[in-house]
Amino acid sequence: MSELRFNPLLGEWLATATHRQDRTFLPPPDFCPLCPTRKNGFPTEVPAETYEIVAFENRFPSLKTVPETPAIESGELFAVAPSQGVCEVVLYSPNHSTTLAGEPVEQIYKLVKVWRHRFAELSALDFVRYVFIFENKGEAVGVTLHHPHGQIYAYPFVPPIIKRELKQTQKYKREKDRCLLCDVLDAEKRFEKRIVAENDSFAAIIPFYARYPFETHIISKRHLQTFNDFSEREERNLAEILKQILAAFDRLFDVSFPYIMAIHNAPSDGGDYDFYHFHIEFYPPMRSVAKLKYLAGSEAGAGMFINDTLPETKAAELRAHIAPVVWET
Amino acid sequence: MDEKIHDKSENSDEINYRKIILADGRYMIFYTFGESGEDFSEENAAEEKDV
């Protein structure tokens, strides 16, 4: 059973999804539901002996195209709504043991194309207001299935963090008649010390305002709002810089680096968001090889992050592990 | 099984996809690229698993 409940104190929606308690939790590799169904093997969720990239509706979705009627009645104070939307899983590779960082850049390039296609398709649904593409990687961030995959949530509303970004970027545009992230990129170019990697189309920075020690943002150099605005060149360059950053993450402590990857496009509600700027944010919880950053009182209770490291220092550490990308094909 | 095939195989960078409907009504989209060929067998395609 799932439904949307409105929090009147914060002015935002949340979903309850009790059926998600039954979802598969860290199965052994031989019983991975996201692997291909091998001949005479365990029947997985994917009816194919192999695949390149697959996208499908989540078996345990928080949002559904045809949602159930909420079990609780909606009222003036406690508003409830059907949890309409789409939850998709995107399988990056048929290889259970790989990660996006370990994949060749050609595979990441294919994934970027799939993201663009999914974004366009889901954006066109009349009940969708925001398409959120993301990845949870590693048990440290709560992953329940190790097979390399990401997710897409198509919400019936613009979610809170995006709303705040829209408010800030629109305010900046009104006051300065310029784009906030365009100015951030210009400033970082002049400062240099927080740039981790860049190419013709994207720059990766640990931002001045990083909340996690290795929080990294990939920002398009061209002022564009969504995947729909990408050129083929930008697709390739995004794949390259993703490969560089993800591989560098793994080299930092010589471990498969946990992170949350959040792709921030402009909303898909038909509005004019020319003040918004496409970017990707990574929230890695590792502070050092043996320490994780937890969201404790100040962060979870008051929304104020404490970063006990300096972005400039961490950018230098991450930049030292950036390597050139080689395209095999 | 309901199957829709979208092939744009002229350009090796073009995206191709095949959408199927699983037994429980969920859709699943298999993406292939360029000349990489079929990504699952017709035999498997016919066996719509109850997932």
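A residue counts as exposed here if 12 or fewer other C-beta atoms lie within 10 Å of its own C-beta, as buried if there are 20 or more, and as partly exposed in between. With that in mind, and remembering that this is a predicted model, begin by selecting Ala187(A), which sits in helix α3, residues 180-191 of chain A. Ala187(A) has 12 other C-beta atoms within 10 Å and is therefore exposed. If Phe275(A) is then added to the selection, the two C-alpha atoms turn out to be 18 Å apart in space, although 88 residues separate the pair in sequence.

Go next to Thr44(A), in the loop of chain A that runs between β2 (12-17) and β3 (53-57). Because 18 other C-beta atoms lie within 10 Å, Thr44(A) is classed as partly exposed. Apart from neighbours within four places in sequence, its contacts are Cys32(A), Pro33(A), Leu34(A), Cys35(A), Pro36(A) and Thr37(A). For a view across the chain, select Arg194(A) together with Thr44(A): these residues are 150 apart along the chain, and their C-alpha atoms are separated by 44 Å.

Now turn to the interior, where the largest nonpolar core has 78 residues, and select Val54(A), Val131(A), Ala204(A) and Ile245(A), the members with the most contacts inside it. Helix α4 of chain A, residues 232-253, gives the most to this core, contributing nine residues. Staying with Val54(A), and leaving aside neighbours within four places in sequence, one finds contacts with Val46(A) and Leu91(A) in its own chain, and with Met28(B), Ile29(B), Phe30(B) and Tyr31(B) in chain B.

From there, select helix α6 of chain A, residues 311-319, and colour Pro311(A), Lys314(A), Ala315(A) and Leu318(A), which are the buried residues of this helix. Looking down the axis of α6(A), one sees these residues fall within an arc of 105°, so they line one face of the helix. As a general matter, an α-helix has 3.6 residues a turn, so residues three or four places apart point the same way. The elements against which the buried residues of α6(A) pack are α4 and β8 (195-198) of chain A.

Finish with chain B, displayed on its own, whose secondary structure consists of three strands and one helix, arranged from the N terminus in the order β-β-β-α. Of the 51 residues in chain B, 25% are buried. Among the contacts in chain B with a separation of 6 or more, 31% are between residues 24 or more positions apart.

Definitions and conventions. Residues numbered from 1 in each chain as written. Chains lettered and ligands numbered in written order. Predicted model: local features only at pLDDT ≥ 70, side-chain atom pairs only at ≥ 80, totals over all residues. Core = buried A, V, L, I, M, F, W, Y, C linked by C-beta atoms within 7 Å. Helix = DSSP H or I, 4+ residues; strand = E, 2+ residues; numbered from the N terminus. Contact = placed C-beta atoms within 7 Å. Arc of directions from axis to C-beta.
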